[in-house]
Amino acid sequence: MSQDVVTMDKIVSLCKRRGFIFPSSEIYGGLGSSYDYGHYGVLLKSNVKAQWWRSMLQERDDIVALDSAIIQHPRTWEASGHLAGFTDPMVDCRTCKLRFRADRLVDAQCGRKPSKHPGETSDCDLTEARDFNLMFETTVGPIKDEGATVYLRPETAQGIFLNFKHYLQFSRKKPPFGIAQIGKSFRNEITPGNFIFRTREFEQMEMEFFVPPEDADRWFEHWVSERMSWYTRLGIRADHLRLRPHEQDELSHYSSATSDVEYLFPIDWQELEGVANRGDFDLRAHAEHSGQKLEYVDTASGARYVPHVIEPAAGADRATLAFLVDAYDEDEIGGEGRTVLRLHPQLAPVKVAILPLVKKDGQPELATEIYRDLRERVQAEYDEGGAIGRRYRRQDEIGTPWGVTIDHQSLEDRTVTLRDRDSLAQERIAIAELPNEIERRLRAPWKSPKA
Ligand code: ATP
(Lines give C-alpha, C1' and ligand atoms only; values in the text may rest on other atoms or scores of the structure.)
Protein backbone atom coordinates (compact mmCIF):
# COMPACT_ATOMS: atom_id res chain seq x y z
CA MET A 1 0.00 0.00 0.00
CA SER A 2 1.07 3.55 -0.68
CA GLN A 3 2.76 5.55 2.08
CA ASP A 4 1.19 8.70 0.66
CA VAL A 5 -0.97 11.06 2.68
CA VAL A 6 -3.56 10.65 -0.05
CA THR A 7 -6.76 8.69 0.53
CA MET A 8 -9.76 8.26 -1.72
CA ASP A 9 -11.86 10.24 0.79
CA LYS A 10 -9.50 13.21 0.57
CA ILE A 11 -9.66 13.15 -3.24
CA VAL A 12 -13.47 12.94 -3.24
CA SER A 13 -13.71 15.82 -0.80
CA LEU A 14 -11.19 18.04 -2.62
CA CYS A 15 -12.95 17.35 -5.92
CA LYS A 16 -16.28 18.47 -4.51
CA ARG A 17 -14.91 21.43 -2.54
CA ARG A 18 -12.97 22.84 -5.45
CA GLY A 19 -15.39 22.11 -8.24
CA PHE A 20 -13.69 19.22 -10.04
CA ILE A 21 -16.27 16.47 -9.70
CA PHE A 22 -19.71 16.32 -8.02
CA PRO A 23 -22.02 13.40 -7.27
CA SER A 24 -24.64 13.53 -10.02
CA SER A 25 -28.34 14.41 -9.40
CA GLU A 26 -27.56 15.35 -5.81
CA ILE A 27 -30.68 17.47 -5.32
CA TYR A 28 -32.69 14.29 -5.90
CA GLY A 29 -30.61 12.34 -3.45
CA GLY A 30 -27.97 11.27 -5.98
CA LEU A 31 -27.75 8.35 -8.38
CA GLY A 32 -25.22 5.77 -7.22
CA SER A 33 -21.80 6.01 -8.85
CA SER A 34 -22.77 8.72 -11.31
CA TYR A 35 -20.70 11.89 -11.39
CA ASP A 36 -20.71 15.31 -13.02
CA TYR A 37 -17.51 17.11 -13.89
CA GLY A 38 -17.37 20.71 -12.71
CA HIS A 39 -15.30 23.53 -14.22
CA TYR A 40 -11.84 22.40 -13.09
CA GLY A 41 -12.68 18.74 -13.69
CA VAL A 42 -13.65 19.57 -17.27
CA LEU A 43 -10.37 21.40 -17.80
CA LEU A 44 -8.32 18.61 -16.20
CA LYS A 45 -9.97 15.75 -18.11
CA SER A 46 -9.77 17.77 -21.37
CA ASN A 47 -6.04 18.12 -20.80
CA VAL A 48 -5.68 14.37 -20.19
CA LYS A 49 -7.52 13.66 -23.43
CA ALA A 50 -5.57 16.34 -25.31
CA GLN A 51 -2.31 14.72 -24.22
CA TRP A 52 -3.57 11.35 -25.42
CA TRP A 53 -4.55 12.81 -28.79
CA ARG A 54 -1.20 14.55 -28.96
CA SER A 55 0.71 11.31 -28.42
CA MET A 56 -1.46 9.47 -30.97
CA LEU A 57 -1.84 12.08 -33.71
CA GLN A 58 0.51 15.03 -33.44
CA GLU A 59 3.64 13.13 -32.48
CA ARG A 60 3.18 10.35 -35.07
CA ASP A 61 2.12 10.05 -38.65
CA ASP A 62 0.71 6.52 -38.66
CA ILE A 63 -2.55 7.13 -36.72
CA VAL A 64 -5.79 8.82 -37.75
CA ALA A 65 -8.81 9.92 -35.70
CA LEU A 66 -12.43 8.81 -35.50
CA ASP A 67 -15.56 9.76 -33.57
CA SER A 68 -18.14 7.03 -34.17
CA ALA A 69 -21.76 6.75 -33.01
CA ILE A 70 -22.66 5.49 -29.54
CA ILE A 71 -25.66 3.57 -30.89
CA GLN A 72 -24.56 1.21 -33.65
CA HIS A 73 -26.27 -1.50 -35.65
CA PRO A 74 -27.23 -4.22 -33.14
CA ARG A 75 -25.47 -6.87 -35.22
CA THR A 76 -22.20 -5.17 -34.22
CA TRP A 77 -22.54 -6.75 -30.81
CA GLU A 78 -23.49 -10.12 -32.19
CA ALA A 79 -20.29 -10.13 -34.26
CA SER A 80 -18.08 -8.81 -31.49
CA GLY A 81 -19.32 -11.43 -29.07
CA HIS A 82 -20.67 -8.88 -26.58
CA LEU A 83 -24.27 -10.03 -26.90
CA ALA A 84 -23.39 -13.58 -25.95
CA GLY A 85 -20.39 -13.09 -23.75
CA PHE A 86 -20.05 -9.59 -22.27
CA THR A 87 -21.16 -10.74 -18.87
CA ASP A 88 -20.00 -10.67 -15.30
CA PRO A 89 -20.94 -13.38 -12.81
CA MET A 90 -23.35 -11.99 -10.22
CA VAL A 91 -24.50 -13.25 -6.83
CA ASP A 92 -27.26 -11.98 -4.56
CA CYS A 93 -27.25 -12.15 -0.80
CA ARG A 94 -30.63 -13.34 0.51
CA THR A 95 -29.85 -11.83 3.93
CA CYS A 96 -28.66 -8.29 3.17
CA LYS A 97 -30.37 -8.16 -0.25
CA LEU A 98 -27.28 -6.74 -1.93
CA ARG A 99 -25.83 -7.84 -5.23
CA PHE A 100 -22.12 -8.52 -5.85
CA ARG A 101 -19.75 -9.48 -8.61
CA ALA A 102 -18.95 -13.10 -7.86
CA ASP A 103 -15.35 -12.78 -9.01
CA ARG A 104 -14.69 -9.67 -6.89
CA LEU A 105 -16.11 -10.64 -3.50
CA VAL A 106 -12.87 -9.70 -1.76
CA ASP A 107 -13.27 -6.11 -3.03
CA ALA A 108 -16.92 -5.88 -1.93
CA GLN A 109 -18.47 -4.90 1.40
CA CYS A 110 -21.39 -6.79 2.86
CA GLY A 111 -24.47 -4.67 3.74
CA ARG A 112 -24.46 -5.29 7.48
CA LYS A 113 -22.37 -3.91 10.33
CA PRO A 114 -19.62 -4.61 11.17
CA SER A 115 -18.98 -4.74 7.47
CA LYS A 116 -17.32 -7.86 6.09
CA HIS A 117 -16.75 -9.28 2.67
CA PRO A 118 -19.84 -11.07 1.30
CA GLY A 119 -19.85 -14.72 2.29
CA GLU A 120 -17.58 -14.18 5.29
CA THR A 121 -20.13 -14.52 8.06
CA SER A 122 -22.43 -17.44 8.84
CA ASP A 123 -25.44 -15.16 8.20
CA CYS A 124 -24.40 -14.47 4.62
CA ASP A 125 -26.63 -16.43 2.25
CA LEU A 126 -25.31 -16.06 -1.28
CA THR A 127 -27.10 -17.39 -4.35
CA GLU A 128 -25.32 -19.35 -7.06
CA ALA A 129 -23.48 -17.09 -9.50
CA ARG A 130 -25.35 -16.25 -12.71
CA ASP A 131 -24.20 -14.32 -15.74
CA PHE A 132 -25.39 -10.76 -16.17
CA ASN A 133 -24.93 -8.92 -19.49
CA LEU A 134 -23.40 -5.50 -18.92
CA MET A 135 -24.81 -3.80 -22.01
CA PHE A 136 -27.51 -1.15 -21.61
CA GLU A 137 -30.43 -1.86 -23.86
CA THR A 138 -32.79 0.70 -25.38
CA THR A 139 -35.23 0.98 -28.25
CA VAL A 140 -34.92 2.95 -31.46
CA GLY A 141 -38.22 4.37 -32.70
CA PRO A 142 -41.17 6.10 -31.04
CA ILE A 143 -43.14 2.98 -30.08
CA LYS A 144 -41.32 0.72 -27.70
CA ASP A 145 -42.94 -2.56 -28.75
CA GLU A 146 -42.36 -1.97 -32.46
CA GLY A 147 -38.89 -0.48 -32.28
CA ALA A 148 -35.62 -2.27 -32.72
CA THR A 149 -33.58 -3.16 -29.68
CA VAL A 150 -30.20 -1.41 -29.70
CA TYR A 151 -27.38 -1.07 -27.20
CA LEU A 152 -25.31 1.76 -25.82
CA ARG A 153 -21.77 0.82 -26.82
CA PRO A 154 -19.81 -0.86 -23.99
CA GLU A 155 -16.51 0.06 -25.67
CA THR A 156 -15.47 2.46 -28.42
CA ALA A 157 -13.32 -0.12 -30.24
CA GLN A 158 -16.08 -1.70 -32.36
CA GLY A 159 -16.84 1.64 -34.05
CA ILE A 160 -13.27 1.55 -35.31
CA PHE A 161 -13.61 -1.92 -36.87
CA LEU A 162 -16.90 -0.88 -38.49
CA ASN A 163 -15.09 1.98 -40.22
CA PHE A 164 -11.94 0.07 -41.20
CA LYS A 165 -12.95 -0.01 -44.89
CA HIS A 166 -13.53 3.75 -45.06
CA TYR A 167 -10.07 4.36 -43.68
CA LEU A 168 -8.39 2.13 -46.24
CA GLN A 169 -10.15 4.13 -48.94
CA PHE A 170 -9.62 7.72 -47.80
CA SER A 171 -6.70 7.87 -45.38
CA ARG A 172 -3.91 6.73 -47.72
CA LYS A 173 -2.62 4.54 -44.89
CA LYS A 174 -1.57 0.94 -45.05
CA PRO A 175 -0.60 -1.42 -42.24
CA PRO A 176 1.00 -0.68 -39.90
CA PHE A 177 -1.44 2.13 -39.12
CA GLY A 178 -3.91 2.96 -36.39
CA ILE A 179 -7.32 4.52 -35.80
CA ALA A 180 -7.83 6.33 -32.52
CA GLN A 181 -11.01 7.36 -30.78
CA ILE A 182 -12.14 8.97 -27.53
CA GLY A 183 -15.73 8.70 -26.43
CA LYS A 184 -18.32 7.62 -23.90
CA SER A 185 -18.94 3.97 -23.19
CA PHE A 186 -21.61 2.43 -21.00
CA ARG A 187 -21.59 -0.67 -18.84
CA ASN A 188 -24.27 -1.70 -16.41
CA GLU A 189 -21.62 -2.59 -13.80
CA ILE A 190 -22.88 -4.79 -10.97
CA THR A 191 -20.68 -3.11 -8.40
CA PRO A 192 -19.53 0.31 -9.54
CA GLY A 193 -17.60 2.30 -6.98
CA ASN A 194 -14.44 3.92 -5.73
CA PHE A 195 -15.48 7.34 -7.02
CA ILE A 196 -14.81 7.68 -10.77
CA PHE A 197 -12.73 4.49 -10.87
CA ARG A 198 -15.69 2.36 -11.93
CA THR A 199 -18.89 4.00 -13.13
CA ARG A 200 -21.66 2.95 -15.50
CA GLU A 201 -20.96 5.80 -17.89
CA PHE A 202 -17.34 6.63 -18.66
CA GLU A 203 -15.00 7.82 -21.35
CA GLN A 204 -12.53 5.58 -23.12
CA MET A 205 -9.44 6.41 -25.14
CA GLU A 206 -8.88 3.51 -27.50
CA MET A 207 -6.66 2.94 -30.48
CA GLU A 208 -6.70 -0.04 -32.85
CA PHE A 209 -3.36 -0.53 -34.60
CA PHE A 210 -3.58 -2.69 -37.75
CA VAL A 211 -0.41 -4.59 -38.60
CA PRO A 212 0.83 -7.36 -40.92
CA PRO A 213 0.28 -10.61 -38.97
CA GLU A 214 3.97 -11.45 -38.77
CA ASP A 215 4.72 -8.10 -37.07
CA ALA A 216 2.05 -8.34 -34.38
CA ASP A 217 4.30 -9.44 -31.50
CA ARG A 218 6.78 -6.65 -32.15
CA TRP A 219 4.04 -4.00 -32.28
CA PHE A 220 2.49 -5.37 -29.10
CA GLU A 221 5.79 -4.78 -27.28
CA HIS A 222 6.04 -1.32 -28.83
CA TRP A 223 2.60 -0.26 -27.60
CA VAL A 224 3.09 -1.69 -24.12
CA SER A 225 6.22 0.37 -23.59
CA GLU A 226 4.80 3.43 -25.36
CA ARG A 227 1.73 3.48 -23.12
CA MET A 228 3.73 2.96 -19.92
CA SER A 229 5.94 5.88 -20.79
CA TRP A 230 2.96 8.14 -21.63
CA TYR A 231 1.96 8.04 -17.95
CA THR A 232 5.45 8.67 -16.61
CA ARG A 233 6.06 11.50 -19.08
CA LEU A 234 2.97 13.13 -17.63
CA GLY A 235 4.36 12.87 -14.14
CA ILE A 236 3.05 9.58 -12.74
CA ARG A 237 5.72 8.27 -10.37
CA ALA A 238 7.44 5.25 -11.90
CA ASP A 239 7.24 3.28 -8.65
CA HIS A 240 3.45 3.71 -8.67
CA LEU A 241 3.09 2.20 -12.13
CA ARG A 242 3.55 -1.41 -13.17
CA LEU A 243 2.84 -3.79 -15.97
CA ARG A 244 0.88 -6.97 -15.34
CA PRO A 245 0.88 -9.53 -18.16
CA HIS A 246 -2.32 -11.62 -18.15
CA GLU A 247 -2.06 -15.27 -17.23
CA GLN A 248 -3.00 -17.75 -19.94
CA ASP A 249 -6.38 -18.51 -18.30
CA GLU A 250 -7.23 -14.80 -18.01
CA LEU A 251 -6.82 -14.03 -21.73
CA SER A 252 -9.86 -13.43 -23.90
CA HIS A 253 -10.31 -16.35 -26.30
CA TYR A 254 -9.13 -14.22 -29.25
CA SER A 255 -6.14 -12.59 -27.57
CA SER A 256 -2.65 -14.08 -27.69
CA ALA A 257 -1.29 -11.53 -25.22
CA THR A 258 -2.67 -8.81 -22.96
CA SER A 259 -0.87 -6.68 -20.42
CA ASP A 260 -2.52 -4.30 -17.99
CA VAL A 261 -0.91 -1.03 -17.04
CA GLU A 262 -1.64 -0.79 -13.32
CA TYR A 263 -1.44 2.12 -10.90
CA LEU A 264 -1.07 1.99 -7.14
CA PHE A 265 -4.35 3.68 -6.14
CA PRO A 266 -5.15 4.15 -2.43
CA ILE A 267 -7.35 1.06 -2.94
CA ASP A 268 -4.32 -1.00 -4.06
CA TRP A 269 -2.92 -1.81 -7.51
CA GLN A 270 -5.65 -1.53 -10.14
CA GLU A 271 -5.91 -1.54 -13.92
CA LEU A 272 -5.50 1.80 -15.66
CA GLU A 273 -5.33 0.51 -19.19
CA GLY A 274 -5.18 -2.76 -21.10
CA VAL A 275 -2.94 -3.40 -24.09
CA ALA A 276 -4.07 -6.43 -26.10
CA ASN A 277 -2.97 -8.37 -29.12
CA ARG A 278 -6.42 -9.12 -30.60
CA GLY A 279 -5.18 -11.02 -33.63
CA ASP A 280 -7.56 -10.89 -36.59
CA PHE A 281 -10.61 -11.78 -34.51
CA ASP A 282 -12.55 -8.51 -34.91
CA LEU A 283 -12.08 -7.92 -38.63
CA ARG A 284 -12.86 -11.56 -39.40
CA ALA A 285 -15.98 -11.54 -37.21
CA HIS A 286 -17.35 -8.36 -38.80
CA ALA A 287 -16.49 -9.60 -42.29
CA GLU A 288 -18.43 -12.78 -41.59
CA HIS A 289 -21.47 -11.04 -40.10
CA SER A 290 -21.64 -8.22 -42.66
CA GLY A 291 -20.63 -10.12 -45.79
CA GLN A 292 -18.09 -7.38 -46.56
CA LYS A 293 -14.42 -7.96 -47.28
CA LEU A 294 -12.37 -6.47 -44.48
CA GLU A 295 -8.83 -7.04 -45.60
CA TYR A 296 -5.85 -5.15 -46.90
CA VAL A 297 -4.81 -5.59 -50.51
CA ASP A 298 -1.34 -4.48 -51.48
CA THR A 299 -1.84 -2.93 -54.91
CA ALA A 300 1.83 -3.38 -55.86
CA SER A 301 2.24 -7.08 -55.02
CA GLY A 302 -1.40 -8.12 -55.08
CA ALA A 303 -0.92 -9.73 -51.66
CA ARG A 304 -4.02 -9.68 -49.46
CA TYR A 305 -4.37 -10.35 -45.77
CA VAL A 306 -6.50 -9.60 -42.73
CA PRO A 307 -4.39 -7.34 -40.52
CA HIS A 308 -3.85 -8.23 -36.88
CA VAL A 309 -4.78 -5.67 -34.26
CA ILE A 310 -2.91 -4.27 -31.27
CA GLU A 311 -5.19 -2.32 -28.95
CA PRO A 312 -4.21 0.04 -26.15
CA ALA A 313 -7.51 0.73 -24.31
CA ALA A 314 -7.45 3.35 -21.58
CA GLY A 315 -10.09 5.09 -19.47
CA ALA A 316 -10.10 8.88 -19.48
CA ASP A 317 -11.83 9.09 -16.09
CA ARG A 318 -9.63 6.42 -14.51
CA ALA A 319 -6.52 8.17 -15.84
CA THR A 320 -7.82 11.49 -14.49
CA LEU A 321 -8.28 9.84 -11.09
CA ALA A 322 -4.74 8.44 -11.20
CA PHE A 323 -3.30 11.87 -12.04
CA LEU A 324 -5.28 13.43 -9.16
CA VAL A 325 -4.17 10.76 -6.70
CA ASP A 326 -0.55 10.95 -7.81
CA ALA A 327 -0.56 14.75 -7.52
CA TYR A 328 -2.26 15.08 -4.13
CA ASP A 329 0.06 16.29 -1.40
CA GLU A 330 0.04 18.09 1.93
CA ASP A 331 2.79 20.27 3.37
CA GLU A 332 3.30 23.30 5.58
CA ILE A 333 4.02 26.91 4.73
CA GLY A 334 4.95 29.18 7.63
CA GLY A 335 3.48 26.74 10.13
CA GLU A 336 0.19 26.50 8.24
CA GLY A 337 -1.01 23.34 6.53
CA ARG A 338 -1.47 23.37 2.80
CA THR A 339 -3.13 20.95 0.38
CA VAL A 340 -1.57 21.01 -3.04
CA LEU A 341 -2.11 19.20 -6.33
CA ARG A 342 1.33 18.71 -7.84
CA LEU A 343 -0.05 18.11 -11.33
CA HIS A 344 2.12 18.11 -14.41
CA PRO A 345 1.80 21.70 -15.72
CA GLN A 346 0.44 20.38 -19.02
CA LEU A 347 -2.41 18.72 -17.12
CA ALA A 348 -3.13 21.50 -14.61
CA PRO A 349 -6.59 22.99 -15.24
CA VAL A 350 -5.23 26.54 -14.86
CA LYS A 351 -1.63 27.31 -15.80
CA VAL A 352 -1.25 30.71 -14.20
CA ALA A 353 -3.13 32.82 -11.64
CA ILE A 354 -2.85 36.61 -11.72
CA LEU A 355 -3.25 38.17 -8.32
CA PRO A 356 -3.03 41.88 -7.42
CA LEU A 357 -1.69 42.22 -3.88
CA VAL A 358 -4.33 44.80 -2.97
CA LYS A 359 -7.57 45.83 -4.61
CA LYS A 360 -6.56 49.49 -5.08
CA ASP A 361 -3.78 51.89 -6.19
CA GLY A 362 -3.98 50.83 -9.82
CA GLN A 363 -2.96 47.22 -9.07
CA PRO A 364 -6.21 45.58 -10.32
CA GLU A 365 -5.96 47.56 -13.58
CA LEU A 366 -2.38 46.46 -14.25
CA ALA A 367 -3.20 42.88 -13.20
CA THR A 368 -6.16 42.82 -15.59
CA GLU A 369 -3.90 43.99 -18.40
CA ILE A 370 -1.45 41.13 -17.66
CA TYR A 371 -4.32 38.64 -17.37
CA ARG A 372 -5.75 39.64 -20.77
CA ASP A 373 -2.33 39.18 -22.33
CA LEU A 374 -1.62 35.78 -20.71
CA ARG A 375 -5.01 34.25 -21.43
CA GLU A 376 -4.32 34.64 -25.14
CA ARG A 377 -1.69 31.95 -24.68
CA VAL A 378 -2.72 29.70 -21.78
CA GLN A 379 -5.65 28.99 -19.44
CA ALA A 380 -5.29 31.77 -16.87
CA GLU A 381 -7.32 32.97 -13.93
CA TYR A 382 -7.67 36.42 -12.37
CA ASP A 383 -8.46 36.69 -8.67
CA GLU A 384 -8.53 39.85 -6.59
CA GLY A 385 -10.77 38.81 -3.69
CA GLY A 386 -9.46 38.15 -0.15
CA ALA A 387 -6.07 37.78 1.50
CA ILE A 388 -3.23 36.89 -0.84
CA GLY A 389 -2.31 33.78 1.20
CA ARG A 390 -5.82 32.41 0.88
CA ARG A 391 -5.86 33.09 -2.85
CA TYR A 392 -2.60 31.13 -3.23
CA ARG A 393 -4.02 28.27 -1.14
CA ARG A 394 -6.98 28.04 -3.48
CA GLN A 395 -4.73 27.94 -6.56
CA ASP A 396 -2.50 25.32 -4.90
CA GLU A 397 -5.55 23.13 -4.30
CA ILE A 398 -6.55 23.23 -7.96
CA GLY A 399 -2.95 22.60 -9.00
CA THR A 400 -2.09 25.93 -10.68
CA PRO A 401 1.68 25.72 -11.25
CA TRP A 402 2.41 29.45 -11.34
CA GLY A 403 1.14 32.58 -9.64
CA VAL A 404 1.84 36.16 -10.71
CA THR A 405 1.61 38.80 -8.00
CA ILE A 406 1.25 42.47 -8.84
CA ASP A 407 2.39 44.87 -6.10
CA HIS A 408 3.22 48.58 -5.71
CA GLN A 409 6.66 48.07 -7.28
CA SER A 410 4.98 46.61 -10.39
CA LEU A 411 3.47 50.01 -11.13
CA GLU A 412 6.88 51.65 -10.84
CA ASP A 413 9.11 49.31 -12.81
CA ARG A 414 6.70 46.94 -14.64
CA THR A 415 7.98 43.82 -12.90
CA VAL A 416 5.98 41.19 -11.00
CA THR A 417 6.76 38.17 -8.84
CA LEU A 418 6.34 34.74 -10.36
CA ARG A 419 5.68 32.05 -7.75
CA ASP A 420 6.23 28.34 -8.28
CA ARG A 421 3.61 26.01 -6.74
CA ASP A 422 6.10 23.26 -5.85
CA SER A 423 9.38 24.98 -4.94
CA LEU A 424 7.59 28.10 -3.65
CA ALA A 425 10.42 30.10 -5.24
CA GLN A 426 9.43 33.68 -6.05
CA GLU A 427 11.25 35.43 -8.86
CA ARG A 428 11.02 39.04 -9.94
CA ILE A 429 10.40 39.16 -13.66
CA ALA A 430 9.59 41.86 -16.24
CA ILE A 431 5.95 41.88 -17.32
CA ALA A 432 7.11 41.93 -20.95
CA GLU A 433 8.89 38.57 -20.44
CA LEU A 434 6.03 36.82 -18.65
CA PRO A 435 4.20 35.15 -21.57
CA ASN A 436 7.39 33.65 -23.01
CA GLU A 437 8.59 32.54 -19.60
CA ILE A 438 5.29 30.76 -18.84
CA GLU A 439 5.36 29.04 -22.22
CA ARG A 440 8.99 28.04 -21.74
CA ARG A 441 8.20 26.47 -18.35
CA LEU A 442 5.16 24.72 -19.79
CA ARG A 443 7.27 23.02 -22.44
CA ALA A 444 10.11 22.03 -20.08
CA PRO A 445 10.39 18.37 -18.94
CA TRP A 446 8.76 17.90 -15.56
CA LYS A 447 9.22 15.45 -12.73
CA SER A 448 6.91 15.05 -9.74
CA PRO A 449 8.47 16.53 -6.59
CA LYS A 450 6.80 13.62 -4.77
CA ALA A 451 8.97 11.13 -6.70
P1 ATP B 1 -12.17 -3.89 -15.35
O2 ATP B 1 -11.44 -5.22 -15.27
O3 ATP B 1 -11.64 -2.84 -14.40
O4 ATP B 1 -13.66 -4.02 -15.36
P5 ATP B 1 -11.88 -4.08 -18.16
O6 ATP B 1 -10.69 -4.99 -18.27
O7 ATP B 1 -13.24 -4.63 -18.39
O8 ATP B 1 -11.81 -3.28 -16.79
P9 ATP B 1 -11.47 -2.78 -20.66
O10 ATP B 1 -12.65 -3.39 -21.31
O11 ATP B 1 -10.12 -3.31 -21.02
O12 ATP B 1 -11.64 -2.82 -19.09
O13 ATP B 1 -11.53 -1.20 -20.86
C14 ATP B 1 -10.40 -0.41 -21.05
C15 ATP B 1 -10.30 0.65 -20.00
O16 ATP B 1 -11.53 1.37 -19.87
C17 ATP B 1 -10.01 0.16 -18.58
O18 ATP B 1 -8.64 -0.09 -18.40
C19 ATP B 1 -10.48 1.33 -17.75
O20 ATP B 1 -9.49 2.36 -17.70
C21 ATP B 1 -11.67 1.84 -18.54
N22 ATP B 1 -12.91 1.31 -17.94
C23 ATP B 1 -13.49 0.12 -18.16
N24 ATP B 1 -14.62 -0.01 -17.44
C25 ATP B 1 -14.76 1.14 -16.74
C26 ATP B 1 -15.74 1.63 -15.83
N27 ATP B 1 -16.81 0.92 -15.49
N28 ATP B 1 -15.57 2.88 -15.29
C29 ATP B 1 -14.48 3.63 -15.63
N30 ATP B 1 -13.54 3.21 -16.50
C31 ATP B 1 -13.67 2.00 -17.06
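Reader: Which strand gives the most to the shell around the ligand, and with how many residues?

Author: Happy to start there, with the reminder that this is a predicted model. Strand 10 (201-211), strand 13 (268-279), strand 16 (308-315) and helix 9 each supply at least two residues of the shell. The top contributor among the elements is strand 13, with 4 residues.

Reader: How many charged residues does the shell around the ligand have?

Author: In total, 16 residues surround the ligand, and the closest are Phe202, Gly274, Ala313, Gly315 and Arg318. Sorted by class, the shell has 4 nonpolar and 4 polar residues, and the number of charged ones is 8.

Reader: Helix 9 came up just now; which residues touch the most other members of the largest nonpolar core?

Author: Good link to follow! That core has 67 residues. Helix 9 (residues 316-327) gives the most to this core, with 8 residues. The core members with the most partners in it are Ala322, Phe323, Leu324 and Val325.

Reader: Leaving out residues up to four places away in sequence, which residues does Phe323 touch?

Author: Phe323 is among the residues that touch the most other members of the largest nonpolar core. With residues up to four places away in sequence set aside, its partners are Val48, Leu343 and Leu347.

Reader: Which residues does the second, separate core include?

Author: This second core is made of 16 residues. Its members include Ala353, Ile370, Trp402 and Leu418.

Reader: Let's turn to helix 10; how far apart are its end C-alpha atoms?

Author: Helix 10 (residues 363-374) has 12 residues. At 1.5 Å a residue, they should span 16 Å, and the model agrees, because the end C-alpha atoms are apart by 16 Å.

Reader: Within what arc do the buried residues of helix 10 fall?

Author: The residues in question are Gln363, Ala367, Ile370, Tyr371 and Leu374. Seen down the helix axis they line one face, because they fall within an arc of 100°.

Reader: And which residues are exposed on the other side of helix 10?

Author: The buried residues of helix 10 pack against strand 19 (352-356), strand 20 (380-382), strand 21 (402-406) and helix 13 (434-443). Exposed on the other side of helix 10 are Glu365 and Arg372.

Reader: Stepping back to the whole chain, what percentage of its residues count as buried?

Author: The chain has 13 helices and 23 strands, and its C-alpha trace spans about 75 × 70 × 50 Å along the principal axes. Of its 451 residues, the share that count as buried is 34%.

How values were computed:
Residues are numbered from 1 along each chain as its sequence is written. This is a predicted model: local features need pLDDT of at least 70, side-chain atom pairs count only at pLDDT 80 or more; totals for chains, interfaces and linings use all residues. A residue is buried if 20 or more other C-beta atoms lie within 10 Å of its own, exposed if 12 or fewer, and partly exposed in between; C-beta atoms are placed from the backbone. A nonpolar core is a set of buried Ala, Val, Leu, Ile, Met, Phe, Trp, Tyr and Cys residues joined through C-beta atoms within 7 Å. Two residues are in contact if their C-beta atoms, placed from the backbone, lie within 7 Å. The expected span of a helix is 1.5 Å times one less than its number of residues. The arc is that of the directions from the helix axis to the C-beta atoms. A residue is near a molecule or strand if its C-beta atom, placed from the backbone, lies within 6 Å of it. Ala, Val, Leu, Ile, Met, Phe, Trp, Tyr, Cys and Pro count as nonpolar, Asp, Glu, Lys and Arg as charged, and the others, Gly among them, as polar.
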